[in-house]
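Colleague: Could you take me closely through the place where the two chains meet, taking the area first and the individual pairings afterwards?

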Amino acid sequence: MTKINTSINGKIYSDEVEDNTLLVDFLREKLGLTGTHVGCDTSQCGACVVHLDGNSVKSCTTLASQVEGKELLTIEGLAKDDDLHPIQKSFQNNHALQCGFCTPGLVMSSLDLLNKNKNPSEYEIREWFEGHICRCTGYKNIIKAVQEAIAL
Amino acid sequence: MYNFKYHKVNTIQEAVSLLSSCEDPKILAGGHTLIPTLKQRLSQPSDIIDISTIKDLSSISIQNNKLMIGALCTHNDVSSSPDVISTIDGLSELAKKIGDPQVRHRGTIGGSVANADPAADYPAALVALKAVIHTSKSTYQAEKFFIDMFQTAIETDEIIRGIEFEIPITSSYKKFKNPASGYAMAGVFIAKFDNDIRVAVTGASSVVFRLREVEEALTNKFNISSIENISIDSSNFNDDIHASSKYRGNLVKVLVEEAISDLI
């Protein structure tokens with residue numbers, strides 16, 4: 001077992017985890033933060049994307065032990081009470097989801113993109129989403145949602 | 001994945017001593033090859049030694065006209081570093097073509113070099129840029145470091161500290177990605193120095209190699225027509241479901257031409 005202290009969505013967590021626990025399993029199974037999804041479990045689909053010290057990462061390819069002393073932001077940390085985050089709103093406005101499975105990862109990834117690049121071109125948005133797979137939307141409305149979020 | 005004992009270390013010395021005392025240890029840096037391998041139960045180490053928080057391994061600097069990159073620098077660090085962009089633009093471009101943004105936020109140059117995946121991108125840059133690999137106990141010329149598929153000159157109790165690159169006049173990396181995995185079906189790095197040209201190829205064979213005939217022709221005259229009559233010997237190239245060796249041979253020539261036109 002390894003002891004970890006980490007800040008998740010602004011709240012401090014101290015816990016003991018099995019050494020081989022993945023971050024995504026720690027979030028979902030130990031903390032009940034089930035907004036972060038496991039899609040492919042092979043670091044390709046991006047459903048598990050969270051922010052680690054301000055960078056989007058795949059939580060299925062990170063050990064829980066590795067986040068000791070670090071700051072995490074998950075999809076649960078975006079909305080304030082009933083007010084959706086502007087990126088969540090733009091996903092809603094643009095019908096950028098159908099089944100919703102890939103959405104938490106895409107929203108977290110979009111936020112990281114817009115934090116780093118205030119005005120990405122369509123090409124840059126598409127390139128940024130290389131590590132995401134959405135099987136419902138054909139991506140078009142996701143791109144539109146990000147473009148709308150630029151203005152928000 | 002199988003269970004293992006996890007260790008977090010703060011110094012290279014601690015890591016080296018664990019490497020010597022543990023039964024079957026593995027070093028964890030960014031984990032973007034190791035963790036997928038563990039999840040598939042393709043590897044069963046007794047101990048995982050997390051070196052990601054060792055402090056002095058994550059800086060990038062220019063020293064004595066060489067570019068120094070710490071082993072723990074992520075692909076994103078390499079692609080976005082002003083020092084890399086201003087000295088070896090081709091290396092920054094190469095790092096930008098690895099995986100996807102989330103992978104580039106975690107995967108490290110030291111991890112990739114130590115792993116020596118035959119389809120990894122960095123080996124082509126290291127060999128073309130006459131890189132020297134600094135480890136916890138020695139230094140290696142890149143050409144002598146990469147021995148074969150997943151095989152390097154590094155010993156089991158040795159850790160890469162950083163990589164020192166010669167700064168060329170100009171450089172370019174061209175890669176043909178496998179559309180599913182994003183790994184190089186072939187990748188060509190050309191570095192133009194004052195007195196010579198280096199051309200290194202990754203992804204086409206079991207290990208990175210130089211195209212010496214092409215290098216000589218380009219050193220005499222740097223244009224596409226000077227390599228027109230050179231045929232690439234693809235007899236030892238990888239031959240798999242993604243591409244035949246003959247196809248990879250053609251791909252290498254096309255990528256060489258693309259890199260040349262990039263630099264003219």
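Modeller: What follows describes the interface of chain B and chain A, and then turns briefly to chain A itself.

This is a predicted model, in which local features need pLDDT of at least 70 and side-chain atom pairs count only at pLDDT 80 or more, while totals for chains, interfaces and linings use all residues. Residues are numbered from 1 along each chain as its sequence is written, chains are lettered from A in the order in which they are written, and side-chain values use heavy atoms, with hydrogens and water left out.

With contact taken as heavy atoms within 4.5 Å, 24 residues of chain B touch 29 residues of chain A. The two chains bury about 2100 Å² between them, 53% of it on carbon and sulfur atoms; buried area here is the accessible area (1.4 Å probe) that two parts lose on being put together, summed over both. K39(B), Q102(B) and R106(B) supply 28% of the area that chain B buries against chain A, more than any other three residues.

K39(B) also takes part in a salt bridge, with D41(A), in which the closest N and O atoms are 2.8 Å apart. A salt bridge is a side-chain nitrogen of Lys or Arg within 4 Å of a carboxyl oxygen of Asp or Glu, and by this rule there are 4 across the interface, whereas the structure holds 20 over all chains.

On the side of chain B that touches chain A, β1 (5-8), α2 (34-39) and α6 (101-106) of chain B each supply at least two residues, helices (H or I, at least four residues) and strands (E, at least two) being DSSP runs numbered from the N terminus. The largest share, 4 residues, comes from α6(B). This side of chain B divides into 10 nonpolar, 7 polar and 7 charged residues, where Ala, Val, Leu, Ile, Met, Phe, Trp, Tyr, Cys and Pro count as nonpolar, Asp, Glu, Lys and Arg as charged, and the others, Gly among them, as polar.

Within chain A, 5 strands form an open sheet of mixed pairing in the order β2-β1-β5-β3-β4, two strands being paired if DSSP finds at least two bridges between them. β2 (11-17) and β4 (55-58) of chain A stand at the edges with a single partner strand each, so one side of each is left without a neighbour in the sheet.
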